[in-house]
Amino acid sequence: MALGEGLQKKIETLVSGRVLFDEPMCNHTSMGVGGRVDIILYPCSVKEVEKAVSLLVTEDIPFLAVGNCTNLIVGDGGYRGCLISLMELQRLEIKEEPDGRVSLWAESGVPLSRIVEATIKESLGGMEFCAGIPGSVGGGVWMNAGAYGREIKDVIGSVAVVNGNGKRKKIEREGLHFEYRGLDLPDSTVITGATFDLLKGEGREIQRKVTNILKARTKKHPLGQRSAGSVFKNPPSSPAGRIIDEVGLKGTTCGGAMISEKHGNFIVNRGGATTADILALIDITKRRVFETRGIKLEMEVKIIGEEL
Ligand code: EPU
């Protein structure tokens, strides 16, 4: 995307965090793949998010909010537009309401793992299921992240956003429409933070649950390898990982990408993978599962940008 010199200058001074131009996304995605994005902005406050969205809308530059890019695959041709990274928004506060309820407020860039740690320390129950989920608050809320029978929607209190007009807004639980691995918000919405309703508990009991979850994840998931987490949503009939295992696709390779030998619903980068390699494996999987089982797998990872 050709930005005039004047516009480039305006963008450079929009935020107090980093502003990167023509940046390779393979340096940012957990999968280690992806072409160049025109602009990445790192706002350091909600005010700066508002300013950024307003300018991008005025200048008609496509944009998308991103967290720590753990569930994201970017095309080898990159992304034309601007990614707004929320990773500099790191405030976390725990508040006890007069009626005894406890809520945790976290900005979008806070890693879910930091929330889990904070709740163990303060003996607050409810967030244990997030243990080991690599995402951040913004991404976790956007995707309605879940594990072991619980999802973000079970603990959410409210979500703070900057809407497509560049204005901040708070949406209470009743106004949020979660679905399986998703939250129904317009694409132009930037989530800046969320509150979670927690329960006072026993520190040791919470720690025990977290340890068990981390153990289970380490046993089942290929954690030592670069991946983007679960590739497909679980169809109602059976978990995607089990189906892919049963149709014999584990270990299938394409270039540097491989369907994990440990868990069928993970694609790993063995080194040198491209997005094209990953998309080819996704295609092979969808086809084989449809032909042999009549099931149409749906994507869980978000794919953006252009192919080469
Ligand atoms: N299974 C196989 N072969 C495989 C993989 C799995 O037989 O290759 C079987 C397992 O033995 C188990 C069942 O399939 O009986 C389900 O597998 P698992 O417990 O690993 O959970 P999952 O359904 O694959 C979901 C979430 C994960 C979350 C786990 C734990 C989805 C798509 N995935 O995985 O979320 O961590 O449950 O609750 O909902 C993520 O979203 O990125 C993610 C990792």
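A polar contact is a pair of N or O atoms within 3.5 Å, and this cut-off applies to the contacts described for the predicted model shown here.

**View 1. Polar side-chain contacts of His263, Glu300 and Asp245 with the ligand.** A polar side-chain atom of His263 lies 2.8 Å from an oxygen atom of the ligand, and because a pair of N or O atoms within 3.5 Å is a polar contact, this pair qualifies. Glu300 likewise places a polar side-chain atom 2.7 Å from an oxygen atom of the ligand, whereas the partner of Asp245 is a nitrogen atom of the ligand, at 2.8 Å from a polar atom of that side chain. On its own the ligand has 820 Å² of accessible area, of which the protein covers 79%.

**View 2. The shell of residues around the ligand.** The ligand is surrounded by 22 residues, of which Tyr148, Lys220, Asn234, Asp245 and Glu300 come nearest. By class, this shell is made up of 6 nonpolar, 9 polar and 7 charged residues.

**View 3. Elements and domains that supply the shell.** At least two residues of the shell come from each of strand 9 (146–147), helix 5 (203–220) and helix 6 (240–246), and helix 6 gives the most, with 3 residues. Domain 2 (92–220) and domain 3 (226–304) each contribute at least three residues to the shell around the ligand.

**View 4. Arg18 over the ring of Tyr42.** Arg18 lies over the face of Tyr42, at 4.2 Å from the ring centre, while a search of the whole structure for aromatic pairs finds 0.

Notes: Residues numbered from 1 in each chain as written. Predicted model: local features only at pLDDT ≥ 70, side-chain atom pairs only at ≥ 80, totals over all residues. Heavy atoms only, no water. Near = heavy atom within 4 Å. Polar contact = N/O pair within 3.5 Å; in protein donor to acceptor, adjacent residues only side chain to side chain. Areas by Shrake-Rupley, 256 points an atom, 1.4 Å probe, with all protein chains shown as cover. Helix = DSSP H or I, 4+ residues; strand = E, 2+ residues; numbered from the N terminus. Nonpolar A, V, L, I, M, F, W, Y, C, P; charged D, E, K, R; others polar. Domains from an automatic or database assignment. Phe/Tyr/Trp six-rings, centres within 6.5 Å; stacked < 30°, edge-to-face > 60°. Lys NZ or Arg CZ within 6 Å of the ring centre and 35° of its normal.
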